[in-house]
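Q: Could you take a close look at one helix of this model for me, and then at a couple of single residues elsewhere in the chain? I would enjoy a connected walk through the details.

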Amino acid sequence: MNTAWYPAGRERRVGGVTTTTPPTTKAAPRALTPLGLFTLLLGTALPMIDFFIVNVALPTIEHDLHAPPATLEMVVAGYAVAYAVLLVLGGRLGDGFGRRRLFLWGVAGFGLTSLACGLAPGAWWLVAARVAQGAASAALLPQVLATLHATTSGERRARAVALYGSVGGVSVVLGQVLGGVLVAADLAGTGWRAVFLVNVPVALAALVCAVRVVPDSLAERPARGDLAGTALLAATLTALLLPLTEGRATGWPLWSVLLLASAPVLAAVFHGVERRAERDGGSPLLPPSLLASAEVRRGLLLGLPVFTGFAGWMFVSAVTLQQGLGYGALRAGLTLVPMGVAQFAASMLAPRVVRRFGGRTVTLAAVVHIAGLATVTATALLGRWPHLSPPVLAPGLVLCGLGQGLQLPLYYRILLAAIPARLAGTGSGLAATLQQSCLAVGVATLGSLFLSLAPGLGMREALAVVLAVQAAGLLGLGWLGLRLPRVPG
C-alpha cells in the first residue's frame, strides 16, 4: 500500500481563537479486485507475447515485403530497443500522472500500433510501426507492477506477483505457438499480418475493462521532469542494445563496435548527472540512492542469470528444433508447451514454496533448472539425433519450466519489496528494463556462441556447450540464494 502523506495543518484565527484545520490526506488507492488483476495481466501479456510472436512470422514477412535480412532484424530490434529504452520513463510518468491513465494510454497505443503493423504496405513502414509499438509497451508495462505494489500487500501481493511472473514465461511459449497457428491458418489471406491484427480486439477488451476495474494510484510526491537524465539513459541503452540486436546480423560493422564501446562512457555520464541532481534536491529519473540499496542491488543481480539464460535458451532451442531436428514452426512451438505448463504451475506454487524454504527457494529453483538443462543435454547427446520426438524432449523441458517458474516471480518479489512505494513506477520500470536488456544480451552472447560453434562442432555439440554455460550462470544464482537472509512478502 502507498503510505498516505499528511501535510502540515493550517492555522487561522476565528473570533480571536487560533484554530488548526485538519491536515489534508492523499486517499489511498482502492484495493485491486480479481477482475482488475486479470485486466492488468492481460495488458502484461500483450507486449510479452508480441516480443516473440513476430519471430515465427519473419520468413513470410521476408517473402511478402521483399525485406532484406538487415531490415528483418530491425523489425525485431526496433521494437526491443524502443521498449527497453523507454521503460523507466514510462514508470516515471505513471508515478506523476497516474498509473491507470498511463496504462490506458499504453494499451490504446499498443492496439493502434498493432493495427499499423498489420496494415503495413512495406518493410520500413513495419519497422516504424514496431518502434511505436515498443514505445506503447513501455508506457503500459511499468504500470502493472507499480499498481500491484500500490494496491496489494502481504499474501495477496505474493500471489499477484506470482501470476505476473507466470504470464511472462507462458507468453513466450504462447507467442510461438500462436504465431505458428496464425501464419499456418492464413486467415482470410492475412498471412503474417494476423500475428499483429489479433492484438487489436484483445487491446480493446483490456481497455474497456481497465476503465472500470483498474484502480488509480500516484506517487506520494510526483517528481518533476528530468530531460537530461532521460536523454542520457536513452542514449546509453540504445548504444548497448542496438549493436547487440543488429550487430550479429550485419557482420559487426564499425558503427556497431563504436556504439557499443560508447555505452559505458554514456552510463558513467548518466550516473554523474543523476547523482548531481539528487544531491542538489532535483528529481533524477533514476535516483542513485535507489541503486545504493543493498536489497535493490541484490534483486537486480538475481535477474542477470535468469533473463540472460532464458533469452539464450529460447533462441538456441528455436534454432535447434527447426534447423537441427527439422521441426516446422508450429511443431516447434507445441514442443515447448510442457515447459510452459510446468512454468505456470511452478509460478502458482511459488508463494507456498517460499513459505516453506524462504530464501533457499532461489537455490532450489536453480538446482531444478540445472537438472532440466542436464536432461536436455543428455537427451540430445545420447538420443537418436536428429530424430528426437517431442515426447522424448518433454522431461527435460518440464524440469526447465519448473525452475523458471520459481525464478521469475522471485525476482520481482524480492526487487519490488526493496523499492519504496513512492518510487514504485520508477522501480518497476527499472525491473523491466533489466529484463529486456538481459534478453538482448542473452541472444547476443549465448546465441552468437551457439552459431559460431555449430559449423565446426555440429549443432548437437554446440547445444551442449551453450547449455553448460547457462548452467554455470545458474550455479551463481544458487550461490546467491544461499546468501539471501529472507524472501520478503
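A: Happy to; one term is needed before we start: contact here means heavy atoms within 4.5 Å. Please also keep in mind that this is a predicted model.

Let us begin with helix α14, which runs over residues 360–382 and has 23 residues. From its first C-alpha to its last, α14 reaches 33 Å, close to the 33 Å expected at 1.5 Å a residue. Many of its positions can be named as buried: T361, V362, T363, A365, A366, H369, G372, L373, V376, T377, T379 and A380. An α-helix has 3.6 residues a turn, so residues three or four places apart point the same way. The cover over the buried residues of α14 includes α11 (294–324), α13 (337–357), α15 (390–418) and α17 (459–482).

From there we can move to A432, which sits in helix α16 (residues 424–457). A432 counts as buried because its relative accessibility is 1%, under the 20% cut-off. Setting aside neighbours within four places in sequence, A432 is in contact with L87 and L141. A432 and Y83 are 349 residues apart in sequence, yet their C-alpha atoms are 9.5 Å apart in space.

Our last stop is T152, found in the loop between α4 (123–151) and α5 (154–185). With a relative accessibility of 3%, T152 therefore counts as buried too. The side chain of T152 also reaches the backbone oxygen of L148, at 2.4 Å.

Terms used:
Residues are numbered from 1 along each chain as its sequence is written. This is a predicted model: local features need pLDDT of at least 70, side-chain atom pairs count only at pLDDT 80 or more; totals for chains, interfaces and linings use all residues. Side-chain values use heavy atoms; hydrogens and water are left out. Helices (H or I, at least four residues) and strands (E, at least two) are DSSP runs, numbered from the N terminus. Buried means under 20% relative accessible area, exposed over 50%, partly exposed in between (1.4 Å probe, protein chains only). A polar contact is a pair of N or O atoms within 3.5 Å; within protein, one must be able to donate a hydrogen and the other to accept it, and residues adjacent in sequence count only if both atoms are side-chain atoms. The expected span of a helix is 1.5 Å times one less than its number of residues.
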